[in-house]
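Reader: I'm new to reading protein models and would love a close look at one part of this one. Could you walk me through it slowly?

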Amino acid sequence: MAVLSLTNAHLAFGHVALLDGANFALETGERVGLIGRNGTGKSSLLKILAGLEKLDDGLLQQQHGLTNVYVPQEPELRGDATIFDVVSEGVAESRSLRERYERHDENDDLAWVQERIEHIGAWNWEQRVDETLHRLGLDGSRLVGSLSGGLKKRVALGRALVAQPDVLLLDEPTNHLDLDAIAWLEGLLNDFKGSLLLITHDRQFLDNVANRIVELDRGQLRGYPGNFAAFQAAKAYELENEALANARFDKLLAQEEVWIRKGVEARRTRSVARVQRLQEMRAQHAARRDVQGKVRLDIDTGASSGKIVAELEDVSKSFGDRAIVRGFTGTILRGDKVGLIGPNGAGKTTLLRMILGELPPDSGTVRLGSRLTVAYFDQMRDTLNLDATLADTISPGSEWIEIGTQRKHVKSYLGDFLFSPARANSPVRTLSGGERNRLLLARLFARPANVLVLDEPTNDLDIETLELLEELLAEYDGTVFLVSHDRRFLDNVVTSTIVFEGDARWREYEGSVQDWLTQSKRAAVLQAQAAPAVASPPPAPAAAPVVATKRKLSYKEQRELEEIPQQIAALEAEQTQLNALLAGTELYTQGAARIQAVTERAAQVDEELLVLLERWETLEAK
């Protein structure tokens, strides 16, 4: 049953139709991911459903007595208030009703007030707030103004959840959250009993949370059952069919245009109905909104750096009494694509600055490579002059730009990043968050660099731009340092990770985020197995000393030991095939069931490998 719905919805800004006769329904208990290009109107749609904005035309309906809560991308919170007070704003009605009842105002209908208190559970609102703060890991006594962006996001989510709404509307909830916080939020939303509609470009998050994807595309809302992987497969098939249908339509239209211009012979045999159909086809063709273009990305690497970019030996760094990096050793080579992973505030930027030679260590040595040219992508976008035009931001004082051996007009170059020529002279402040990120990327790629430092480049970028950026970085010959909490983006780009492991310790792992998780999980299992042996009390002394000897393997164990290497090789070969399937595109044309089967088998192979490796170690120890 639909808790809210839109029928024949229209919304436009100027001549751009964001909603063009769109229809949408949110069912009870659904978790819907809303996706689409930057600037297509997703946030506006969320505000309309929250009652904060109005449609130009159309009908918005919702169940009687429905409560919904909207959490924007950048929630407004009172900086001088405590976390407890801000989260308590979510139960404002409960607080007000109980205060009215306790005042015993003779002008109040106390019977109605008491009935309403019972209905919404207002007697124990403090307990609800305390329980929510505990679930979110928040200290209610802290001032909101002193919090990081990630903690402020948690406070805003707490304010929404304590209200126990029927519908939760979230706009980019993973922005400013680290990997642990994103995993925590996934569990929280999967346990949420109401209906959920969220905007996010985090594909892994969508896969783990959403059970339906709705795409806002050219003014229409189209729903796809399942998670993001199932959507990708269905969308590819749909776009292929749409292209074929358009090609057939265009061919028929061209034939009719030839017929209408044949002259006297055609006029004699001209059918009124056929002429009318031609006019309708012309109108349909004019009204058809074709698939939007894609961002075209390219980058000039300039001169190659030396083979070694940076070599760090036992480096440490502290600020006051707080240690940030302790005893880190690592080597970065030309062409490495390194992901830095750690919670907010762990010191990723500090370690990165030491790797690049911008910050001296307190102890240890840092040796930098030769011919390093570094370009930065700043997550806070502080480097953009909001009053400058887009053209001046890319190429100050010139209409032309040099990219490698190519010379391009600045308007043409901006067009590669989906900025129309008419907007080239618009000020930066008129851009949305996603468009500013796109402009930063345009400026970044316009300058020769053999080392790229990308600090949260995925925030506010739409999924298509993310996928194209992944392709560009994969083909980039230089060195990349990537700070991001987007797991899918990291997996598709990095060749190694530097991970914060607590107590100012950082460790380098080969491979992607998934490789790091597998390796760290395996290490944790082995450590847990070894711990009981260390912690167990010493055995009671025997009457006579016994010389410990290795127990000889049984025939069965010996056979098992001999077979394990072949079993591991077979599983690793299967693992390679499955990873190739998951990384390619063919799998996603085979339906949601096949995608799920391959994904589950890949996880199962990882577990089987872990068990075999542990068994191999146990048998060899004997």
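Which residue of β19 stands opposite G339?

Author: That would be T497: G339 stands opposite this residue of β19. Keep in mind that we're looking at a predicted model. Let's start from that pair and work outwards.

The two strands here are β12, residues 337-341, and β19, residues 496-500, and they pair in the parallel sense over four bridges. You can find another facing pair right beside the one you asked about: L340 stands opposite I498 in β19. How much of β19 is covered up? Four of its five residues are buried, so the strand is largely enclosed by the rest of the structure.

Now look at the other partner of β19. With β20 the pairing is antiparallel, and five bridges hold the record of it. Here S496 stands opposite E510 in β20. The strands β19 and β20 form a hairpin with five residues between them. In that turn, G502 has a positive phi of about 90°.

Step back and you'll see the whole sheet that these strands belong to. It's an open sheet of six strands in the order β14-β17-β18-β12-β19-β20, and the pairing is mixed. What happens at its edges? There you find β14 (374-377) and β20 (506-510), each with a single partner strand, so one side of each has no neighbour in the sheet. If you ignore direction, neighbouring strands of this sheet are turned by 15° against each other on average.

Following the chain on from β12, you come to helix α12, residues 348-355. This helix is mostly covered, with six of its eight residues buried. The buried ones are K348, T350, L351, L352, M354 and I355. Just after α12, look for G357, which takes a positive phi of about 80°.

Next, the nonpolar cores. The largest has 44 residues, and Y413, L439, F445 and L452 are the ones with the most contacts inside it. Helix α15, residues 433-445, gives the most to this core, namely six residues. Zoom in on L439 and leave out residues up to four places away in sequence: L439 touches L384, L390, T393, I394, L414, F419, V428 and L431. Apart from this core lies another one, of 42 residues, including V71, L77, L198 and F231.

For contrast with the six-stranded sheet, try the open sheet of three strands, in the order β2-β1-β4, where the pairing is antiparallel. The edge strands are β2 (16-27) and β4 (57-62), and each pairs on one side only. From one strand to the next, the twist averages 10°. Strand β1, residues 2-13, pairs with β4 over five bridges in the antiparallel sense. In that pairing, S5 stands opposite Q61 in β4. Helix α1, residues 42-49, packs on this sheet and touches β1, β2 and β4. The direction of α1 makes about 130° with that of β1.

Helices pack on each other too. Take α3 (residues 92-103) and α4 (residues 110-120): their axes are 10 Å apart, and they pack at an angle of about 145°. Their crossing is left-handed. On the α3 side, the contact is made by E93, S94, L97, R98, R100 and Y101. From α4 come L110, W112, V113, Q114, R116, I117 and I120. Sort the residues of this contact by kind and you get seven nonpolar, two polar and four charged. A handy thing to remember as you scan a list like that: an α-helix has 3.6 residues a turn, so residues three or four places apart point the same way.

Let's finish with two glutamates. E186 sits in helix α7, residues 179-191. Is E186 buried or exposed? It is buried, with a relative accessible area of 9%. Setting aside its neighbours within four places in sequence, E186 is in contact with Q204, F205, N208, V209 and R487. The other glutamate, E563, is found in helix α19, residues 555-583. At 36% relative accessibility, E563 counts as partly exposed. Finally, try finding E563 and W616 together: they are 53 residues apart along the chain, and their C-alpha atoms are separated by 9.8 Å.

Definitions and conventions:
Residues numbered from 1 in each chain as written. Predicted model: local features only at pLDDT ≥ 70, side-chain atom pairs only at ≥ 80, totals over all residues. Heavy atoms only, no water. Pairing = 2+ DSSP bridges. Axes fitted to C-alpha atoms, helices over the stretch in contact; angles between N-to-C directions. Buried < 20%, exposed > 50% of the residue type's maximum accessible area, 1.4 Å probe, protein only. Left-handed = near helix turned anticlockwise from the far one by under 90°. Contact = heavy atoms within 4.5 Å. Nonpolar A, V, L, I, M, F, W, Y, C, P; charged D, E, K, R; others polar. Core = buried A, V, L, I, M, F, W, Y, C linked by side-chain atoms within 4.5 Å.
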